[in-house]
Amino acid sequence: MGVVNVTPDSFSDGGVNERADDAIASARRLGAEGAALVDVGGESTRPGSEGVSADEELRRVLPVLEAVAGELPVSIDTSKAEVARQALAAGAVLVNDVTALRADPDLAGVVADAGCYLCLMHMLGEPRTMQDDPRYDDVVSEVAAFLEERLTFAVSAGIAEENVCLDPGIGFGKTTEHNVELIRRLDVLLALGRPVVIGFSRKRSLGRLAGDPEALTGPLGASVAAAVTAYERGATILRVHDVRETVDALAVAKAVAG
Ligand code: HH2
């Protein structure tokens with residue numbers, strides 16, 4: 001899953017794809033580099049971020065979806081029912097909701113009616129405050145319990161279970177240690193029986209693991225390593241900014257795995 005943030009303020013590619021033409025070119029490039037899916041978002045959820053209105057989100061993402069959804073599979077990174085509805089009408093095949101259907105009571109119905117794919121992600125708190133001292137007794141079992149509950153909720157709202165994938169939400173209310181432990185014990189999340197999505201690409205924990213305690217993003221080599229280690233532990237969808245390098249690395253990991 002390649003990332004295209006049509007935003008001025010995303011933590012790693014903010015501003016790069018703010019203009020629709022640039023975002024469209026990026027989406028096409030990521031597809032050509034081997035992304036099976038391109039995730040288009042119009043609202044940053046980086047630590048400390050404030051939300052944007054549905055109108056503004058639509059203004060950002062719709063021209064991009066309209067241009068590329070007929071050429072390659074596209075997902076919409078949104079928590080808003082109206083944005084999802086219009087994105088699906090423009091051809092998006094998956095709704096990627098970082099709030100796991102908790103923010104907008106109408107989103108579950110939109111997904112159920114469309115019969116599209118859905119990604120449910122774990123987040124502790126909200127983007128504005130989520131990195132203020134996040135605590136868990138056992139991060140892996142708490143994230144698993146949350147995702148299981150949200151999956152049950154989605155199915156009760158009429159969403160087909162086989163259309164749902166689950167994401168522990170790397171960096172969303174988690175310390176570096178929490179993020180690493182979620183990858184290390186990915187088997188606990190896989191036991192929920194749904195494909196697991198991991199989005200570790202460029203996140204600040206990777207910069208910290210690579211030796212910079214003040215890092216705000218993670219370097220390319222660390223992002224690729226995170227994708228490979230998640231793949232080796234059973235992750236199915238890797239949400240990344242650097243598609244070509246990740247695809248190359250995964251080809252080697254796949255060959256070794258046999
Ligand atoms: N991470 C981000 C946004 N959406 N969706 C899923 N399913 N999993 C993730 O890990 C995830 C996500 C944050 O990264 P990015 O889109 O690059 O930045 P921003 O939120 O600042 O736009």
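**Exercise 1. Determine which polar contacts the side chains of N5, N96 and H241 make with the ligand.**

Solution. A polar side-chain atom of N5 lies 3.1 Å from an oxygen atom of the ligand, where a polar contact is a pair of N or O atoms within 3.5 Å. Next, the side chain of N96 places an N or O atom 2.8 Å from a nitrogen atom of the ligand. Finally, an N or O atom in the side chain of H241 is 2.7 Å from an oxygen atom of the ligand. The model is predicted: local features need pLDDT of at least 70, side-chain atom pairs count only at pLDDT 80 or more, and totals for chains, interfaces and linings use all residues. Residues are numbered from 1 along each chain as its sequence is written, and side-chain values use heavy atoms, with hydrogens and water left out.

**Exercise 2. Describe the shell around the ligand by class.**

Solution. The ligand is surrounded by 17 residues (a heavy atom within 4 Å); S10, S44, D167, K203 and H241 are the closest. This shell divides into five nonpolar, seven polar and five charged residues (Ala, Val, Leu, Ile, Met, Phe, Trp, Tyr, Cys and Pro count as nonpolar, Asp, Glu, Lys and Arg as charged, and the others, Gly among them, as polar).

**Exercise 3. State which helix gives the most to the lining of the second largest pocket, and give the classes of that lining.**

Solution. A pocket is an open set of points on a 1 Å grid over the protein atoms alone, where a 1.4 Å probe fits, with protein on both sides within 12 Å along at least five of seven lines; lining residues have an atom within 4 Å of a point. Helix 10 gives the most, with four residues (helices are DSSP runs of H or I, at least four residues, numbered from the N terminus). By class, ten lining residues are nonpolar, three are polar and none is charged.

Note on methods
Polar contact = N/O pair within 3.5 Å; in protein donor to acceptor, adjacent residues only side chain to side chain. Helix = DSSP H or I, 4+ residues; strand = E, 2+ residues; numbered from the N terminus.
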